[in-house]
Amino acid sequence: MTLLVLGNTCGLVLNAAVLAVSEGQAKKAAIKKPPPTLSSMARQLNISGHVELAVEIDEQGSVTDVKTVSGNPILVAGAVAAVKEWKFTPFEENGAPTKATTTLSFDFKQ
């Protein structure tokens, strides 16, 4: 006997759609965005570089998750801590608030 399930047979509809927004759109929608700080260790070691983060934003505009895409771990810590405090005007899709994802990048120079 072979069982083949096509689609959702229980009538349950899951809204798994997440809106992908550009970095420019995200930064424009940011209403609270404390800047990332350079740690004392990074200053002492004279570390500079680029950090890129993948950010998830909920329907209320709060950051729910931050993952490192690239960057020196010593620099990443300050960027992640700052981005977790960011707040956005809620993103909308079809007139309703929706979850969103974006990538944010930061350059640390000494």
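Which strands does α3 lie across, and at about what angle does α3 run to β3? I opened the notebook with that. The model is predicted, and I read every entry below with that in mind.

**Overall layout**

I went through the elements of the chain and found three helices and eight strands. Along the sequence they follow the pattern β-α-β-α-β-β-α-β-β-β-β. The chain has 110 residues, and buried residues make up 30% of them. I looked up the accessible surface too: it comes to about 7,300 Å², with 56% belonging to carbon and sulfur atoms. For contacts with a separation of 6 or more, I noted that 74% are between residues 24 or more positions apart.

**The sheet**

I traced an open sheet of four strands, in the order β1-β8-β3-β4, with mixed pairing. Its edge strands are β1 (19–20) and β4, each of which pairs on one side only.

I then took β3 (residues 49–57) and looked at its partners. With β8 (residues 100–108), β3 pairs in the antiparallel sense over nine bridges. Leu-53 has Leu-104 in β8 as its bridge partner. With β4 (residues 63–70), β3 is again antiparallel, over six bridges. On that side I recorded two opposed pairs: Ala-54 stands opposite Lys-67, and Glu-56 stands opposite Asp-65.

The hairpin of β3 and β4 has five residues between the strands. I checked the backbone there and found that Gly-61 takes a positive phi near 95°.

**Helix α3**

Back to the opening entry: α3 lies across β3, β4 and β8, and runs at about 30° to β3. The helix spans residues 73–83.

At its N-terminal end I found a cap by Asn-72, with a side-chain oxygen 2.8 Å from the backbone nitrogen of Ile-74.

Which residues of α3 are buried? I listed Leu-75, Val-76, Gly-78, Ala-79, Val-80, Ala-82 and Val-83. The buried residues of this helix pack against α2 (40–44) as well as β3, β4 and β8.

**Val-83**

Why does Val-83 count as buried? Its relative accessibility is 0%, and buried means under 20%, so Val-83 falls in that class.

I listed its contacts, leaving aside neighbours within four places in sequence: Leu-53, Val-55, Val-63, Val-66, Leu-104 and Phe-106. Leu-53 and Leu-104 in that list are also the bridge partners from β3 and β8 noted above. I also took one C-alpha to C-alpha distance: Val-83 and Asp-65 are 9.4 Å apart in space and 18 residues apart in sequence.

**The nonpolar core**

I looked up the largest nonpolar core and found 26 residues in it. Those with the most contacts inside this core are Leu-53, Val-83, Trp-86, Phe-88, Phe-91 and Phe-106. At least two residues each come from α1 (23–29), β3, β4, α3 and β8. Which element gives the most to this core? It is α3, with five residues.

Last, I followed Phe-106. Not counting residues up to four places away in sequence, Phe-106 touches Pro-36, Gly-49, His-50, Val-51, Leu-53, Ala-79, Val-83 and Trp-86. Among these, Leu-53, Val-83 and Trp-86 are listed with Phe-106 itself as core residues with the most contacts.

Definitions and conventions. Residues numbered from 1 in each chain as written. Predicted model: local features only at pLDDT ≥ 70, side-chain atom pairs only at ≥ 80, totals over all residues. Heavy atoms only, no water. Pairing = 2+ DSSP bridges. Buried < 20%, exposed > 50% of the residue type's maximum accessible area, 1.4 Å probe, protein only. Contact = heavy atoms within 4.5 Å. Core = buried A, V, L, I, M, F, W, Y, C linked by side-chain atoms within 4.5 Å. Areas by Shrake-Rupley, 256 points an atom, 1.4 Å probe, with all protein chains shown as cover. Polar contact = N/O pair within 3.5 Å; in protein donor to acceptor, adjacent residues only side chain to side chain. Axes fitted to C-alpha atoms, helices over the stretch in contact; angles between N-to-C directions.
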